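Reader: Before I use this model at the bench, I would like to go through its parts one at a time. Please show it first.

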Amino acid sequence: MVNSKKDLPTLTIKNDGRILYLHSKYDPIQEAVKLVKQYSEELNEKKNVFFYGIGLGYHIEAIRKQYPHISITLYEPNVDVFQCLMETKLIKNLADKAIKDLFVETSEENRNQFLRNFAMEVNDDVLLITLPSYERIFKDENKKFMEIFTDELKNKRMNLRTSFAYEQRWTINSLMNLKETMQTPNILHIENKHIFQGKPAIIVAAGPSLNEELEHLKHIKMNGLAYIFSVGSAINTLVDYDIYPDAACTYDPQSHNYKVFEKTVTKQADWEIPMIYGTSVGFETIQKYRGSKAHMITSQDMVSSYFYQQDRQNELVKVSDAPSIAVVTTELLNSLECDPIIFVGQNFAYLNNSHYAQGIEYEGISNAVSEKILNKSITVENVQGEFILTNEGFLKMKMQMERVIEAFQKINNCTFINTTQGGARIDGTTFLSLQQVIKRELTEKQIVVNWYDFLEAPLKPYEFMSKKGEMDESLKELIVIIDHLQQITRQIKKLIDAQSIQLIHDLFSKFDKLLKKLKNLDFYKVFILPMIRVQNEVTAKQVEEFRFEQDTFKKGEKMVKVFSNYFNHIEQVLEMVVPVYNNVMTEIEEESERI
C-alpha cells in the first residue's frame, strides 16, 4: 500500500516484474468519479449494482453518495487486497445498509455457490461494474468470473420463464394424475431397487446418432444384455425399428406431450412398453397411454407426496426437474443404482445438419437444420475432440447432465459411458463405441425380463387419502382468511384517506399475523404457492422495498396496492384449482369404496 500524489492510499501489485496500481497513483477519488459518470444512464434505471473488485472502495463510495437508492453487492476476488482494505479506515465507508452483500472469494467452489445464490435472490436487472484495473491485473480470474456470472443470471431468467410458463400446469397435472399415481407403483420405492441394482442400463435419446446404433440396440434387446430406457421422442425411432424398450420415460408438463407417443399407441405397442412418468407430466399423456405405468415423483409435484401416508413419507425419493427428460432419467437410474449407465443418441448438438434421428416427425417442423439456425449456432467440443455446432438449449441440457453425473459419482461411484458418435463430449463419461461396450461390458444376459411384474404394489386408495380431511379443512380456513385479509386492506385504504395513523398500525399487526397463518396452511403450501411462484417472488421483493418505510401513509398505500394484486392472483388460482380438486377427490373416494 502506498500514497497517491493527493496523499490518499492506493494499492500496488507486482505482476510479471511490473508494478501495477489498483487505483490512480495521482487522484483515486477523481478516478472513481469518472468511472461512475460512465455508468450514469444505467445507474438512474437500475436498482441493483454488483461490483467486481472492491479495492479500497473509492468507486463504491462515489456511487453510494450519488445514488443512495441502489442496492449494492460487493465481490472481491483477491483475499490479499481485501486484507489491505481491512487495515485502512476506508472499510468504515462500506458499513452501510445499502451494502446488501460483501463476498471475498477463497475458492472456485464457494465462488460458484455464491453466484448461484445471488442469481436466485435477485429479481431485477443487475448492473455489473468491474474496477478497470481488475480486468488488466486479474485477467484470467475476471474472464472466468464473467462467464459464470453471465450463465447464472441467464439460468435465472430461463428458470423464471419456465416457472411462469408451467407453474400452474405442474400443479394441475399432478392433481389430475393423482388417481393414476395412486394406482401405479412408485419406481423409486426402496423395495424396487433390487431389480435394477448393479445392472447395466442404456438411455436412448433421439439425437441423430441414434440411426447408427439401431442394429446394436436390437442385439442388446434380443439377448437381454442391458435395460433399455427410451427418453422423449426416441420411442418413435425404436418402435419404427421394432425395438421395444424396457421402459419409455416422460415428464414434459405441456399439453401436447402425448403426441410423442401417438405412433406407439397407433401400433398398439403401448400395451407392451411400460411407461415411467414424472407425476407432473401432462395429464393428457397419462390418459391416452393404455399400457402399464410406474411413476416417479418430481420436484415440481407438491400434491402426490402430501397424500402419501405420514408413516411412508420417509420412503419418498423425488427426481429433480431438469431441462431434458434424459437428465431426469439419468437421476432415476442413479437412484436405482444401475451400473454402468450408457448413453446412446445423446448428441446435445447437430449432426449432418439434422436435429434428431429418423422416424421422428413433428408437424410443420423439418428435421433438417435450416441455414438461419446454423448461422445462430455456437460450437462445442465433440467426443473426438473436434468442434461441432449446437445451440444454447442443448448446452444447458449438457451442463445439467454433467452436474447430475458429478453428484452421483461422488455418492455411488457409478460408471457413465457415452457411445454417441459425433455427439458433444459429456464431462464425467468415458467415450466408447456401442460395439466396444457390447464386447467389454455386455457379454451376458443381465436384466430381469418383465421387470414391471416384480415392482412393489401401489398404495391402496384409503392409504393414499388419509390426509384428505385435513386438506379439506385447510381449504375452508384459507377462504375465510383470504376474505379477512382483503377486508383489512380495504380498511387500511379508508384509514389512509382519513389520516388515522394509530388505527393503521393496529391493522398492520393484525394483517401480518393473518398472512403468516395463511402461508402455514396446507392448501396454500401444496396448491396455491406452487401456482403463483413467480408472483410470490415479485411480491416478496416489493414487500422488502416498503417494509422499512417510515411514512405510515406511504407504507399503507404501497401495501394495499401490492397485496390487492397478490390476493387477486390467489383468487384466480382458487377458481381454477378447487373444481379440479373436488372432482379428483370424488373419483378417488369412489374408487376407494369399490375396493
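Author: What follows is a set of questions and answers on confidence, the sheet, the helices and two single residues.

The model is predicted, so to speak of local features a pLDDT of at least 70 is needed, side-chain atom pairs count only at pLDDT 80 or more, and totals for chains, interfaces and linings use all residues. Residues are numbered from 1 along each chain as its sequence is written, and side-chain values use heavy atoms, with hydrogens and water left out.

Reader: In which helix is confidence lowest in the chain?

Author: pLDDT is the predictor's confidence in each residue, from 0 to 100. The chain has a mean of 87, and 92% of its residues reach 70 or more. Where pLDDT is low, the predicted coordinates should not be read in detail. Confidence is highest in β9, at 98, and lowest, at a mean of 68, in residues 461–464, helix α19.

Reader: Which strands are at the edges of the open sheet?

Author: Helices (H or I, at least four residues) and strands (E, at least two) are DSSP runs, numbered from the N terminus. Two strands pair if DSSP finds at least two bridges between them. The open sheet has eight strands with parallel pairing, in the order β13-β12-β11-β10-β9-β14-β17-β18. Those that pair on one side only are β13 (293–296) and β18 (430–431).

Reader: Which residue of β17 stands opposite I341?

Author: Strand β14 (341–344) runs parallel to β9 (201–204), joined by four bridges; among the bridge partners, A201 has I341 and V204 has V344. Three bridges join β14 to β17 (416–418), also in parallel. There, the residue opposite I341 is F416.

Reader: Are the residues on the two faces of β14 buried or exposed?

Author: Buried means under 20% relative accessible area, exposed over 50%, and partly exposed in between (1.4 Å probe, protein chains only). One side of β14 has I341 and F343, and the other has I342 and V344. Both faces are covered, and these four residues are all buried.

Reader: At what angle do α15 and α17 pack?

Author: Axes are lines fitted to C-alpha atoms, for helices over the stretch in contact, and angles run from 0 to 180 degrees between N-to-C directions. Angles under 35 degrees count as roughly parallel, over 145 as roughly antiparallel, 65 to 115 as roughly perpendicular and the rest as oblique. By that rule α15 and α17 are roughly parallel to each other. Their axes are 9 Å apart, and the angle is about 10°.

Reader: How many residues of α22 are buried?

Author: Helix α22 covers residues 522–531 and is mostly covered. Its buried residues are F523, Y524, V526, F527, I528, P530 and M531. Out of ten residues, the number buried is seven.

Reader: Which residues is T130 in contact with, leaving aside its neighbours within four places in sequence?

Author: T130 is found in strand β8 (126–130) and is buried, at a relative accessible area of 8%. Contact means heavy atoms within 4.5 Å. With those neighbours left aside, T130 is in contact with Y52, E135 and N142.

Reader: What is the relative accessibility of H569?

Author: H569 is found in helix α24 (552–594). Leaving aside neighbours within four places in sequence, H569 is in contact with I532 and Q535. H569 counts as partly exposed because its relative accessibility is 24%.
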